[in-house]
Amino acid sequence: MSLLIDPVQITPGMWLLPSFASSAQLLPEIDQIISTAPLRQMQTQRGFTMSVAMTNCGEVGWTSDRRGYRYSETDPETGAKWPAMPVSLKNLATDAAKTVGFDGFEPDACLINQYKPGAQMGAHQDRNERSFEHPIVSVSLGITARFFVLGEENRGPSKSVDLNDGDVIVFGGEARRHFHGVRKLKASTHPIVGDTRWNLTFRVAQ
Ligand code: MD3
Ligand code: FE
């Protein structure tokens with residue numbers, strides 16, 4: 001099935017695989033994860049509450065609080081290990097990366113972002129991972145969001161892409177370092193997912 005997908009290069013190193021993933025298949029996996037590692041709105045170092053609700057699966061998970069951003073082996077809310085990354089999710093990420101030339105992508109972390117209408121993510125770089133040499137694979141499910149990407153600096157012209165249900169993006173090479181974010185989510189409804197957008201980002205953190 002996935003072999004029929006034509007990757008589209010958005011910028012050097014940034015590849016879109018339209019409809020590569022299936023929300024009907026992935027939603028039960030997400031439900032299982034959030035039943036043990038509940039969604040939470042994290043605090044930034046400056047004391048703001050993020051509008052996106054987050055959790056993780058994998059060997060380590062990304063967290064933020066007044067002490068800063070980091071990867072942790074345990075969920076600070078429960079003290080327990082993060083739920084394991086389901087094999088089906090890991091294989092999806094590995095397949096997507098391989099489709100655009102990144103063989104052997106073995107993520108050890110998956111950040112799960114839940115957007116409700118009005119939620120957004122300001123421009124940032126992902127730089128808490130040990131190395132930039134591995135790509136990041138992003139899976140979007142549910143209602144459409146407008147994603148934007150800049151360059152190595154948080155200024156200048158941006159490029160925008162609408163991310164629809166099932167779309168997968170692979171960020172490798174120079175795109176891996178680029179500032180990016182998500183515009184405020186407009187209210188809408190997806191027939192399976194409802195009034196929600198999910199984004200899963202698969203990373204090699206350690
Ligand atoms: C480009 N999430 O979780 S996914 C994030 O839709 C994040 O929830 C957004 O940015 C979301 O960090 C965008 C696309 C994405 C993820 C990681 C990247 C783009 C990236 C890392 C480097 C460059
Ligand atoms: Fe990011």
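**Around the iron ion and ligand 1**

D126 is buried in this predicted model, because its relative accessible area of 10% falls under the 20% limit. This residue is a good place to start our tour.

D126 belongs to the iron site: H124 (NE2), D126 (OD) and H180 (NE2) coordinate the iron ion (ligand 2) at 2.1 to 2.2 Å. Along the sequence, these donor residues follow the spacing H-x1-D-x53-H. H124 counts as partly exposed, because its relative accessibility is 21%.

Next, let us turn to ligand 1. It is surrounded by 19 residues, and the closest are Y115, D126, H180, R197 and R203. Some polar pairs are worth picking out in your viewer. From D126, a polar side-chain atom lies 2.8 Å from an oxygen atom of ligand 1, and R197 places a polar side-chain atom 2.9 Å from an oxygen atom of this ligand. For H124, an N or O atom of the side chain is 3.2 Å from an oxygen atom of ligand 1. On its own, ligand 1 has 490 Å² of accessible area, and the protein covers 99% of that.

Now for the strands. Four of them form an open sheet in the order 7-12-9-10, with antiparallel pairing. Strand 7 (121-124) and strand 10 (159-163) are at the edges; each has a single partner strand, so one side of each lacks a neighbour in the sheet. From one strand to the next, the twist averages 15 degrees. Within the sheet, strand 9 (residues 145-149) and strand 12 (residues 180-182) run antiparallel and are joined by three bridges. Here F148 sits opposite G181 of strand 12.

Technical notes:
Residues are numbered from 1 along each chain as its sequence is written. Chains are lettered from A and ligands numbered from 1 in the order in which they are written. This is a predicted model: local features need pLDDT of at least 70, side-chain atom pairs count only at pLDDT 80 or more; totals for chains, interfaces and linings use all residues. Side-chain values use heavy atoms; hydrogens and water are left out. Donors are N, O and S atoms within 2.8 Å of the metal (3.2 Å for Na, K and Ca); water is not among the atoms, so sites may look incomplete. Buried means under 20% relative accessible area, exposed over 50%, partly exposed in between (1.4 Å probe, protein chains only). Two strands pair if DSSP finds at least two bridges between them. Helices (H or I, at least four residues) and strands (E, at least two) are DSSP runs, numbered from the N terminus. Axes are lines fitted to C-alpha atoms, for helices over the stretch in contact, and angles run from 0 to 180 degrees between N-to-C directions. A residue is near a molecule or strand if one of its heavy atoms lies within 4 Å of it. A polar contact is a pair of N or O atoms within 3.5 Å; within protein, one must be able to donate a hydrogen and the other to accept it, and residues adjacent in sequence count only if both atoms are side-chain atoms. Accessible areas come from the Shrake-Rupley method with a 1.4 Å probe; for residues, only the protein chains shown count as cover.
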